[in-house]
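Colleague: I have a few questions about how the terms are used for this model. Could we go through them one by one?

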Amino acid sequence: MGAKYRIAVFASGNGSNFQNLLDATRSGELDAEIVLLVCDKPKAFVVERARQAGVECYLFDPKAYARRGDYEAEIAAELDKRQIDLVVLAGYMRLLTSVLVEPYAGRMINIHPSLLPAFPGKNAIGQAWEYGVKVTGVTVHLVDGGMDTGAVVAQAAVEITADDTLETLEAKIHATEGRLYPQVVSWFAKNRVRVEGRKVTILSE
Ligand code: GRF
């Protein structure tokens with residue numbers, strides 16, 4: 001057996017996706033190791049989750065740097081040092097520059113709580129709710145320099161029914177994220193993902 005597939009998760013907040021991915025590596029659903037958490041908010045709950053699990057944390061304060069590219073260069077060095085195979089953004093609330101995007105092109109993914117290209121940016125669940133759509137969902141996409149603009153790897157639909165509230169919709173979206181993200185990451189770990197421009201294909205096992 002070769003060495004385990006090595007993942008870095010970037011997160012800024014609660015970290016439920018981080019936790020789901022971690023649990024999936026423990027259950028065996030995801031044959032990979034979360035080697036590093038990168039976080040721009042030292043007080044975020046995700047940091048506590050990582051510490052509990054013994055996952056190494058790289059914490060930084062963006063305000064301490066003149067430019068985004070400056071702290072990204074330091075992050076890139078941390079990723080290189082650990083020979084990271086895949087960067088997984090999970091509620092990381094910052095845009096990335098080419099300093100990180102270019103070296104990890106095709107190896108960096110994000111999860112977004114809508115069916116892109118509908119409702120990009122912040123508060124996507126609230127945007128969909130206010131708009132009154134009947135179907136929304138979750139998208140996993142490759143990361144490029146834009147805001148939620150990279151090629152789509154997978155999507156899952158979530159219906160908005162008459163008895164939903166914003167809170168029940170949020171719960172349904174998060175449950176869907178919890179199923180989809182570990183599955184998509186495992187496709188990468190098994191080298192089943194092929195990218196040609198915006199067309200992403202998943203090879204059968
Ligand atoms: C998720 O809804 C994800 O889709 C979005 O940010 C949220 C992060 O939640 N990008 P959590 O920190 O994983 O709980």
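Modeller: Happily! Helices and strands here are DSSP runs, with at least four residues for a helix and at least two for a strand, numbered from the N terminus. With those names, α1, β5 and α6 each supply at least two residues of the shell around the ligand. Please keep in mind that this is a predicted model.

Colleague: What makes a residue part of the surroundings of the ligand?

Modeller: A residue counts if one of its heavy atoms lies within 4 Å of the molecule. The residues surrounding the ligand are Asn14, Gly15, Ser16, Asn17, Gly91, Ile111, His112, Pro113, His174 and Glu177. By class, this shell has 2 nonpolar, 7 polar and 1 charged.

Colleague: How do you know that Ser16 makes a polar contact with the ligand?

Modeller: The cut-off for a pair of N or O atoms is 3.5 Å. A side-chain N or O atom of Ser16 is 2.5 Å from an oxygen atom of the ligand, so the pair qualifies. For Gly15, a backbone N or O atom lies 2.7 Å from a ligand oxygen, so this pair qualifies too. The side chain of Asn14 has an N or O atom 3.3 Å from an oxygen atom of the ligand, and therefore it also counts. As for cover, the protein hides 84% of the 360 Å² of accessible area that the ligand has on its own.

Colleague: Where does the ligand sit?

Modeller: The ligand sits in the largest pocket, whose volume is about 840 Å³. "Sits in" is used because more than half of the atoms of a molecule must lie within 2 Å of the grid points. The lining of this pocket has 35 residues, and Gly91, Tyr92, Met93, Ile111 and Pro113 lie nearest its centre. By class, the lining has 12 nonpolar, 17 polar and 6 charged residues. Elements that each supply at least two of the lining residues are α1 (16–27), β5 (108–112), α5 (124–131) and α6 (166–189).

Colleague: Why is the peptide bond from Leu116 to Pro117 worth a remark?

Modeller: Most peptide bonds are trans, and most residues other than glycine have a negative phi. The bond from Leu116 to Pro117 is cis, with omega near 10°, and Pro117 is in the loop between β5 and α5. Asn123, placed in the loop between β5 and α5, has a positive phi of about 55° although it is not a glycine.

Methods. Residues are numbered from 1 along each chain as its sequence is written. This is a predicted model: local features need pLDDT of at least 70, side-chain atom pairs count only at pLDDT 80 or more; totals for chains, interfaces and linings use all residues. Side-chain values use heavy atoms; hydrogens and water are left out. On a 1 Å grid over the protein atoms alone, a cavity is a set of points where a 1.4 Å probe fits but cannot get out, and a pocket is an open set with protein on both sides within 12 Å along at least five of seven lines; lining residues have an atom within 4 Å of a point. Grid points are joined across faces, edges and corners, and a volume is the space filled by probe spheres set on the points. Ala, Val, Leu, Ile, Met, Phe, Trp, Tyr, Cys and Pro count as nonpolar, Asp, Glu, Lys and Arg as charged, and the others, Gly among them, as polar. A polar contact is a pair of N or O atoms within 3.5 Å; within protein, one must be able to donate a hydrogen and the other to accept it, and residues adjacent in sequence count only if both atoms are side-chain atoms. Accessible areas come from the Shrake-Rupley method with a 1.4 Å probe; for residues, only the protein chains shown count as cover.
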